[in-house]
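Colleague: I have this model open and would like a close look at a single part of it, the sheet. Could you walk me through how the strands are arranged and what packs around them?

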Amino acid sequence: ACDDALRAFDPRTTCFMDTETTGLAGGTGTVAFLVGLGFFVGENFVLDQCFLRDYDDEPSMLEYLAEQLQRFTAVVSYNGKSFDMPLLRTRFVQHRIPFPLENAAHYDLVHAARRVWKRRLTNCSLGNIEQEVLGFRRCDDVPGYLIPQLWLDYLDTRDAHPLEAVFRHHEMDILSLAALAGHLAIRLADDSGPAFRHAEDELSVIRLHYKRKQYEAVIERGGLFLETSRVADTLRRECLLLMGQAFKL
């Protein structure tokens, strides 16, 4: 994650968080009508979905979230640094409720995913990462761009049946956060050989170690990469260049 604040990251005191909102533009007019918290209780993973029946439910929902979020030391999201957290902070401030995650460490998986998989996949949306990395494909999933209108339609009709698909979509988003965080942790903790099946992904990790000035890791992982991987000459040359620079430094 390239964030020293996450060195003490502990999944047992972490909230995996996602929102569904009335729009993607942000700003004071955008409301989170569905906020999900995923967290561990013992060996169980609990999912708590907070839903607005109407706009006037928002203060009660924010007060509930403020109470629940106080016990977490970190939050995991997907693009939450750019969208979810600023939006929620705005809603808390507007209702004069202290934002409970102000000092929490934030593990935004979209940045980690891009650092590892962008070279090979280019598309690092959560849906594509699910398919290409986690081997999971959603069936009959509601497209994200339709979700805001489905809630606005519910306000007019009070027919909640179309929202069932929204709740399932939201549930899978949060479960994918936990699965992806676990997948990355397991892969990066494996020192028996290359962490990733694809050479482009493994080289991305070596390149990341180099940018972080972790030169011993560059040399160690680079050696394993060259010994155990059958890769194209361009990737081999890049790895040798990184290792050579690491030896000098």
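Modeller: Happy to! Keep in mind that this is a predicted model. The sheet is an open one, built from 5 strands in the order β3-β2-β1-β4-β5, and the pairing is mixed. At its edges stand β3 (44-51) and β5 (105-108); each has a single partner strand, so one side of each is left without a neighbour in the sheet. From one strand to the next, the twist averages 25°.

Now step inside the sheet, to where β1 meets β4. Strand β1 covers residues 14-21 and strand β4 covers residues 74-77; the two pair in the parallel sense over 3 bridges. For a landmark there, find C15, which stands opposite V75 in β4.

Next come the helices that lie across these strands. Helix α3, residues 109-121, lies across β4 and β5 and runs at about 45° to β5. Helix α6 lies across β1, β2 (32-41), β3, β4 and β5, and its direction is at about 145° to β1.

Following α6 away from the strands brings us to α8, since the buried residues of α8 pack against α6 (164-189), as well as against α7 (199-211) and α9 (233-248). Those buried residues are Y215, V218, R221, G222, G223, F225 and L226. Helix α8 itself takes in residues 215-228, 14 residues in total, and reaches 20 Å from its first C-alpha to its last, close to the 20 Å expected at 1.5 Å a residue. For your own tour, α6 makes a handy link: it lies across the strands of the sheet, and buried residues of α8 pack against it.

Notes. Residues numbered from 1 in each chain as written. Predicted model: local features only at pLDDT ≥ 70, side-chain atom pairs only at ≥ 80, totals over all residues. Heavy atoms only, no water. Helix = DSSP H or I, 4+ residues; strand = E, 2+ residues; numbered from the N terminus. Expected span 1.5 Å × (residues − 1). Buried < 20%, exposed > 50% of the residue type's maximum accessible area, 1.4 Å probe, protein only. Contact = heavy atoms within 4.5 Å. Pairing = 2+ DSSP bridges. Axes fitted to C-alpha atoms, helices over the stretch in contact; angles between N-to-C directions.
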